[in-house]
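Trainee: I should be grateful for a close look at one part of this protein, followed by an account of the places around it. Where would you begin, and what should I look at in turn?

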Amino acid sequence: MSTLLNRRSALLGGAALASLFAAPRAWAQAPASAPSGPFTLPPLPYAANANEPHIDAQTMEIHHGRHHAAYVANLNAAVKDHGQVAAMPIEQILARLGEMPEAIRTALRNNGGGHANHAMFWGIMGGKGGAPTGELAEAITRDLGGFDKLKGDFNGAGARVFGSGWVFVTVDRAGKLALASRPNQDTPLMDDGRVLIGNDVWEHAYYLKYQNRRPAYLEAWWNVLDWEKVAARYAAAKAGSLTI
Ligand SMILES: [Fe+2]
């Protein structure tokens, strides 16, 4: 009995100690006693320096390990006393924000949006850029006037976002593509849409390397896209299996 209690105390002590290092107060805006689920921070699918020289490792580490982690922690804190919401997939929460409890709706919008946006964002980078091919390239030509025009329009829309936000290419079940931008952590998922690609134009995404030169960051970002991953998202969207 006492052995079990001692062991439990030791585990709790270890967890509390670990959380101090995992979430330094200066960065994380998460509550100190944030629950550990049901939402979790997905690991970066590549090394933090995989997108250099276009996106530096320190930016990746802070962006993923502090900013995205804080969205996840705050999302978990928001749903802590709302079991039905906690059991829903994030894309359903976002598509049905108007039905969510009013007391946590803004927290779900900001932190749930932040969680979904960043999970998508890590998943499409880590590549070598280049150009799309095959069916996706044909759709870009058909719906967005070709890859060069897409890049120009996308970068322009990203540069015009006032303050913080995102620029996206959306995709529907028929494979039709469209350009969209959203403020803050809003996402086309909130309109029950689907995102093919999206770029984060919050200053935290680029300020260390690019300072106020957001257009230079937008231009460089295409060099780290993984078009195989994007093509897989396109196929999933058409199959109805793309979530975030
Ligand atoms: Fe971000």
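Mentor: Let us begin with a meeting of two helices: F154, N155, G158 and A159 in helix 7 meet R214, P215, L218, E219 and W221 in helix 9. Please keep in mind that this is a predicted model. Two packed helices are described by the angle between their axes and by the distance between those axes. Here the angle between helix 7 and helix 9, which spans residues 214-221, is about 145°, and the axes lie 9 Å apart. The crossing of these two helices is right-handed.

Stay with helix 7 for a moment. This helix covers residues 147-160, and A157 is one of its residues. Is A157 buried or exposed? Its relative accessible area is 11%, and buried means under 20%, so A157 is buried. Leaving aside residues up to four places away in sequence, A157 touches V167 and L179. Of these partners, L179 stands 22 residues from A157 in sequence, while the C-alpha atoms of the two are 8.4 Å apart in space.

Next, consider a loop. T187 belongs to the loop between strand 2 (177-183) and strand 3 (195-200). With a relative accessibility of 1%, T187 also falls under the 20% limit and therefore counts as buried. Which residues does T187 touch, if those up to four places away in sequence are not counted? They are L94, G113, N117, F168, R182 and V195. In addition, the side chain of T187 reaches the backbone nitrogen of L189 at a distance of 2.9 Å.

Finally, turn to the iron ion. Its protein donors are the NE2 atoms of H63, H118 and H204, together with OD of D200, and they lie 1.9 to 2.1 Å from the ion. Along the chain, these donors follow the spacing H-x54-H-x81-D-x3-H. The pair H63 and H118 links distant parts of the chain, 55 residues apart: H63 sits in helix 2 (residues 57-79) and H118 in helix 5 (residues 102-124). Both histidines can be judged by the limit used above. H63 has a relative accessibility of 2% and so counts as buried, and H118, at 0%, is buried as well.

Why is the site of the iron ion called irregular? Four donors count as tetrahedral if all angles lie between 85 and 135 degrees, and as square planar if opposite donors are over 155 degrees apart and all others between 65 and 115. The angles among the four donor atoms run from 91 to 140°, and because 140° fits neither description, the site is irregular.

Terms used: Residues are numbered from 1 along each chain as its sequence is written. This is a predicted model: local features need pLDDT of at least 70, side-chain atom pairs count only at pLDDT 80 or more; totals for chains, interfaces and linings use all residues. Side-chain values use heavy atoms; hydrogens and water are left out. Donors are N, O and S atoms within 2.8 Å of the metal (3.2 Å for Na, K and Ca); water is not among the atoms, so sites may look incomplete. Four donors count as tetrahedral if all angles lie between 85 and 135 degrees; four count as square planar and six as octahedral if opposite donors are over 155 degrees apart and all others between 65 and 115; anything else is irregular. Helices (H or I, at least four residues) and strands (E, at least two) are DSSP runs, numbered from the N terminus. Buried means under 20% relative accessible area, exposed over 50%, partly exposed in between (1.4 Å probe, protein chains only). Contact means heavy atoms within 4.5 Å. A polar contact is a pair of N or O atoms within 3.5 Å; within protein, one must be able to donate a hydrogen and the other to accept it, and residues adjacent in sequence count only if both atoms are side-chain atoms. Axes are lines fitted to C-alpha atoms, for helices over the stretch in contact, and angles run from 0 to 180 degrees between N-to-C directions. A crossing is left-handed if the near helix is turned anticlockwise from the far one by less than a right angle, and right-handed if clockwise.
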